[in-house]
Amino acid sequence: MRLCRYDGDRLGLVRGDQLYDVTGVTELLPAHRWPLPAGDDLIANLARLRDPIEAAAAGVAPTAVASVSLLSPVANPGKIIGAPVNYKKHQAEAIADREINYDTDIKTIDRYGLFLKANSALVGPGEGVALRFNDRRNDHEVELAAIIGKTGSNIPYDQALDYVAGYAIGLDMTVRGPEDRSLRKSIDSYAVLGPWLVTADEIADPDNLDFDLTVNGEVRQRSNTAALIFDVRKLIRYASSFYTLQPGDVIMTGTPEGVGPVDPGDTMVATVDGIGSMTVVVRAA
Ligand code: MN
């Protein structure tokens, strides 16, 4: 099942290039008063909403996906987790390029651990990326994003995928510089998630997905998640050994080689096998 959020918080079931407005199903979510529970309600309740979503779709006429503005399929993640230097060839290019490494030694994820991107950075593809600090290099990083479906701590490797609700495409946009990653990668709109959530049952093996990113039609990044240093299970095991994972938490799994600058006016197209493609326009903030 493919679920999108679009046009002012509507919920859509995506089939091919069409979507079915199933927003009414959100009435089945619990009503809350302050303080809100941790996690994203839609993701936390996804399993029991699947039948109502299918039933709702049967009663409406479809709309072309291309005619709507896609928002992040996760509205309220508790945290957005990043995986630094999780592909060997990206490490190699970072070591070779002073504009990436800023005179720091570039190790791999087993040395750095993880980082967090601010939730306020989260957007969907329809909102685009608004670049700040245009005197500095702003890079694209295309990544497979795993969306956590249930609460877990110290999750074992061989059970890790049981905790995944689904997958999406992530863009871990980055301003290069000497500051901590959590700052440079948390600018408003620097966490793009989309085009929709594909439920985990549709992705047989998240560690064998071809993916790529083009800028203005030119291929910049092309890899396969088989090249991940920490694969999806290991990222979940490792992250949950530090903090409790909750429904709606997003893990951006890391970017392969080919990172490079974007400028206002550029159009990025990110594609992940088994998920789809998303088009993201870059503008000045
Ligand atoms: Mn990244």
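Okay, one definition up front: a residue is buried when its relative accessible area is under 20%, exposed when over 50%, and partly exposed in between, using a 1.4 Å probe and protein chains only. By that yardstick Lys185 counts as buried, at 3% relative accessibility. I'll come back to Lys185 in a bit.

Some housekeeping. What we have here is a predicted model, where local features need pLDDT of at least 70 and side-chain atom pairs count only at pLDDT 80 or more, while totals for chains, interfaces and linings use all residues. Residues are numbered from 1 along each chain as its sequence is written, and side-chain values use heavy atoms, with hydrogens and water left out.

So, the layout. The protein chain splits into domain 1, residues 2–71, and domain 2, residues 80–284; those bounds come from an automatic or database domain assignment. Centre to centre, on C-alpha atoms, domain 1 and domain 2 are 24 Å apart. The contact takes 15 residues from domain 1 and 21 residues from domain 2, where contact means heavy atoms within 4.5 Å.

How much area do domain 1 and domain 2 bury between them? About 1,400 Å², with 59% of it on carbon and sulfur atoms. Buried area here is the accessible area, again with a 1.4 Å probe, that two parts lose on being put together, summed over both. On the domain 1 side, Arg2, Ile43 and Leu70 supply 43% of the area buried against domain 2, more than any other three residues.

Now the polar side of that interface. There are two salt bridges between domain 1 and domain 2, a salt bridge being a side-chain nitrogen of Lys or Arg within 4 Å of a carboxyl oxygen of Asp or Glu. Arg2 shows up again here: Arg2 forms a salt bridge with Glu202, and the closest N and O atoms are 3.5 Å apart. Seven residue pairs are in polar contact between the two domains, both partners at pLDDT 80 or more. For polar contact, read a pair of N or O atoms within 3.5 Å; within protein, one must be able to donate a hydrogen and the other to accept it, and residues adjacent in sequence count only if both atoms are side-chain atoms.

Which elements of domain 1 each supply at least two residues of the side that touches domain 2? Strand E1 (2–6), helix H1 (41–44), helix H2 (46–57) and strand E5 (70–71). The largest share, three residues, comes from E1. These labels are DSSP runs numbered from the N terminus: helices are H or I with at least four residues, strands are E with at least two.

Right, back to Lys185. Lys185 sits in the loop between helix H6 (181–184) and strand E14 (191–199). The side chain of Lys185 makes a polar contact with the side chain of Asp172, at 2.8 Å. Beyond four places in sequence, Lys185 touches several residues, including Phe115, Glu141, Met173 and Tyr190.

Tyr190 also turns up around Arg132. Arg132 lies in the loop between strand E9 (129–131) and strand E10 (138–140), and Arg132 is partly exposed, with a relative accessible area of 38%. Arg132 and Tyr190 are 58 residues apart in sequence, yet 9.8 Å apart in space, C-alpha to C-alpha. Not counting residues up to four places away, Arg132 touches Asn138, Ile187, Asp188, Tyr190 and Ala285. With Asp188 there is a side-chain to side-chain polar contact, at 3.2 Å.

Is Leu213 buried or exposed? Leu213 is buried, at 0% relative accessible area, and it belongs to strand E15 (residues 210–215). Outside four places in sequence, the contacts of Leu213 include His140, Val142, Leu171 and Met268.

Last, some backbone geometry to look at. The peptide bond from Trp34 to Pro35 is cis, with omega near -5°, and Pro35 lies in the loop between strand E3 (18–21) and H1. Another cis peptide bond runs from Gly194 to Pro195, with omega near -10°, and Pro195 is in strand E14.

Then the positive phi values in residues other than glycine. Asp7 has phi near 40°, and sits in the loop between E1 and strand E2 (10–15). Phe133 has phi near 55°, in the loop between E9 and E10, and counts as partly exposed at 45% relative accessibility.
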